[in-house]
Amino acid sequence: MAGLLLAEQRRLMLWVPVGLGLGIAWYFGLRHEPGTLAVLAGAGIAGLGLGWIAWRPYALAPRMFGGGAATLAVGFLAAFWATHRQSPLPDLPARASIVTGRVVAVSLLAASDGPSVRRLDLAGVVLDDPLDAGMPPLRRILRVRLRADDPLVLVPGMVVRVRALLRPPAPPSWPGGPDRQRRAYFDGTAGSGTALGPAEAIGAVPGTSSLEGIRELVAARIVRALPGATGGVATAVLTGSAVGMDQADRDAFADAGLAHLLAVAGLHLGIVMGVSVAVTRLLLACSEWATLYWPCRSIAAIAGLGAGIVYVGLTGAHLPALRSLTMAALVVLAIVTGRRALSLRGLAVGAILLLLTGPADLLDAPLQMSLAAVMALAAGAEVTRPVLARLTEQPGWWRRVLLHVVHLGQASLLAGGATVPVVMAHFGTLQPWFVLANLLAVPLMAMWVLPLGLLSLLLMPLGAEGAALVPMGWGIGVILDLARMVSGWPAARLAVPAMPGWGLAVWLLGLCWLCLWAGRWRWWGVGPMVLALAVPFWVVRPDLLLSPDGRTVAVRDGGVLRIGPRPGSERLVEADWRQALALPPAPMAGACREGACLLDGGRVGVRLRDVAPSSGCAGMVVLVTLVPDDAGCRGVRVLDTLEAWKSGAQAVFLSSGGPVVISDRDWRGARPWVLAPGQHGMPALPLAQRE
């Protein structure tokens with residue numbers, strides 16, 4: 001082992017972001033917030049590790065163990081610091097309130113059963129009612145969804161007042177499910193609301209933001225030239241908003257593994273910058289003086305970065321696009337300084353910056369998918385570069401065509417394969433045909449759709465954007481037909497049970513082992529990766545689920561998930577349940593009589609109304625009751641609305657030794673983003689003075 005490590009000691013630096021990620025995951029895996037002593041111990045470990053490296057900089061053991069301990073501690077401290085510099089989640093009223101705040105952003109949301117609606121991001125929110133009189137403005141953003149018929153013309157910077165029903169961030173629908181409260185805590189949002197009446201402007205209305213106006217103008221020009229589904233895709237690609245697309249088309253893109261073509265992120269930014277670099281190099285090559293005396297390659301790279309910055313701003317500057325822009329800036333820096341553009345060292349530097357500036361993003365799908373895909377691409381390029389170089393050395397045009405085809409296939413296979421378990425863990429789906437679909441769709445997007453889209457943006461001031469948008473629509477039509485065709489193939493989208501967090505961690509660590517080492521022992525990482533792929537199918541799944549508010553229950557009954565008392569009353573919770581268990585829903589009424597249900601051979605009882613089952617409590621091990629003040633059954637584990645109010649969502653595992661009940665509070669513990677019982681946050685009113 002020492003010999004293997006000595007042979008690859010120059011690659012030890014690549015493991016620094018892995019150590020940071022493990023430290024971050026360690027912090028977020030705790031059930032209780034670490035105290036001052038733990039923080040001081042982490043700082044001491046980091047200092048001792050770095051000091052050991054400085055004392056013996058050329059020895060292998062200090063670099064490994066000292067560096068490993070230091071990176072773990074630094075990741076832990078970075079997550080701790082990022083958590084405690086956030087303001088607490090406020091306690092939002094459960095009643096209708098008058099909300100007054102300043103508009104910082106306006107978004108269009110697609111509605112599956114009607115026209116699109118607008119959502120406001122309000123800062124400095126104050127609740128104008130007698131109970132909250134004198135409260136300080138909220139330190140977080142409040143998102144309010146307006147009514148579809150609201151006529152108010154909204155401009156960022158204006159102050160509005162609206163009567164809305166507010167709600168805090170939703171808790172996990174099941175223990176271990178998606179934690180929207182943690183996401184809201186680190187996103188700086190306080191909660192959301194639904195407008196009950198029209199919004200009204202207060203005070204002077206500021207002028208329209210130039211960027212917002214340009215975005216709306218671009219969208220209107222696109223829809224005018226490309227009506228229908230093609231216009232919706234073009235708007236999504238050039239403005240970052242997919243509101244104009246039908247839900248059926250969005251589902252087709254998702255089922256075919258092409259949903260990333262609609263979300264502005266690394267792929268789109270890379271294409272835009274690549275086209276800009278190529279055009280700039282071509283223009284500079286037209287000048288003999290510039291070709292001989294100017295650093296054309298560096299100038300083109302900087303011009304491409306400028307085009308990328310403009311494109312990210314035009315599409316809304318979403319977080320995935322900003323992360324991709326950070327990585328692109330590092331690539332441009334490598335080109336300007338004469339380094340290799342796509343390298344594992346550059347990826348390591350970018351990953352370190354992203355993890356230190358946003359530690360909580362490590363737990364979300366976008367950053368995991370980005371880092372896994374780029375790491376697989378960089379490692380694959382490193383391995384196949386000598387082989388593919390032979391195609392460029394030999395004469396013949398067909399070799400260059402073959403080289404491009406091989407590059408596209410390699411990129412689709414490596415990036416898609418590296419992110420398959422991430423998609424399984426976060427979205428509960430598997431698209432077996434994604435490689436073939438991307439092999440055909442990505443070249444169209446890169447060589448036809450986006451270049452013509454950029455040309456249309458340049459022609460819009462002249463009013464001649466139709467000359468580029470119309471042929472752009474032809475390429476989009478081919479991609480749409482491909483997505484619809486692939487989504488209709490057998491097993492195009494397979495539902496898989498939820499992968500636990502440790503299973504995803506095993507996959508990512510195995511992928512890091514495979515990609516970051518260079519010797520033959522890198523293949524040791526394949527074993528953990530295969531194990532991780534099997535985890536969702538043999539891990540024990542809950543037999544019964546109770547919603548966070550205690551009003552909906554689901555029981556795993558054979559090959560279906562029986563939901564009651566009214567299926568469809570809690571869409572978000574039920575969607576999370578179906579994704580977690582990969583089972584089709586079915587009404588519970590088919591297994592109930594007069595409001596009482598006996599499931600799983602009589603071991604599970606559910607009381608939807610104040611009616612006892614005809615067989616009493618014989619043989620029952622778990623009773624879920626939605627009846628207030630239910631006396632329950634003696635010796636039987638009872639779950640009711642009060643239990644859910646105190647502990648959140650409940651999951652029951654039936655075994656021969658008796659039922660095992662896990663609550664959301666048992667799973668997440670007491671952390672700053674976990675709201676108090678009843679989903680109450682920190683009161684917004686100032687606390688009384690201590691006597």
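Reader: A crossing of two helices counts as left-handed if the near helix is turned anticlockwise from the far one by less than a right angle, and as right-handed if clockwise. With that in hand, what's the handedness of the crossing of α9 and α12 here?
Author: It's right-handed for α9 and α12. Keep in mind that you're looking at a predicted model.

Reader: Ok. How close do the axes of those two helices come, and at what angle do they cross?
Author: The axes of α9 (residues 266-285) and α12 (residues 319-336) come within 9 Å, and the crossing is at roughly 40 degrees. Because of that angle, α9 is oblique to α12.

Reader: Which residues make the contact?
Author: On the α9 side there's G266, L269 and M273. From α12 you get A321, S324, L325, A328 and V332.

Reader: And how does that contact split by class?
Author: The contact of α9 with α12 has six nonpolar residues and two polar ones, with no charged residues.

Reader: Let's try another pair. How do α8 and α17 cross?
Author: Helix α8 covers residues 247-255 and helix α17 covers residues 466-487. Their axes come within 8 Å and cross at roughly 70 degrees. Angles of 65 to 115 degrees count as roughly perpendicular, and therefore α8 and α17 are roughly perpendicular to each other.

Reader: Left-handed or right-handed, that one?
Author: Left-handed, for α8 and α17. The α8 residues in the contact are D249, A252, F253 and D255, and they meet I479, L480, A483, R484 and S487 of α17.

Reader: How many charged residues are in there?
Author: Three charged, alongside five nonpolar and one polar, in the contact of α8 with α17.

Reader: Switching topic: what's the volume of the second largest pocket?
Author: About 640 Å³ for the second largest pocket. Its lining has 24 residues, and L12, R63, M64, G67 and G68 are the ones nearest the centre.

Reader: Which elements give two or more residues to that lining?
Author: Those are α2 (16-28), α3 (36-55) and α4 (60-84). Helix α4 gives the most to the lining of the second largest pocket, with nine residues.

Reader: What's the mix of classes in the lining of that pocket?
Author: The lining of the second largest pocket divides into 18 nonpolar residues, five polar and one charged.

Reader: Now the backbone. Where's the cis peptide bond?
Author: It joins G564 and P565, with omega at about 0 degrees. P565 sits in the loop between β11 (560-564) and α20 (571-581).

Reader: Last one: what's phi of A491?
Author: Near 60 degrees, which is a positive value in a residue other than glycine. You'll find A491 in the loop between α17 and β8 (494-495).

Definitions and conventions
Residues numbered from 1 in each chain as written. Predicted model: local features only at pLDDT ≥ 70, side-chain atom pairs only at ≥ 80, totals over all residues. Heavy atoms only, no water. Axes fitted to C-alpha atoms, helices over the stretch in contact; angles between N-to-C directions. Helix = DSSP H or I, 4+ residues; strand = E, 2+ residues; numbered from the N terminus. Parallel < 35°, antiparallel > 145°, perpendicular 65-115°, else oblique. Contact = heavy atoms within 4.5 Å. Nonpolar A, V, L, I, M, F, W, Y, C, P; charged D, E, K, R; others polar. 1 Å grid on protein atoms, 1.4 Å probe; cavity = no way out; pocket = protein on both sides within 12 Å on 5 of 7 lines; lining within 4 Å. Points joined across faces, edges and corners; volume = space filled by probe spheres on them.
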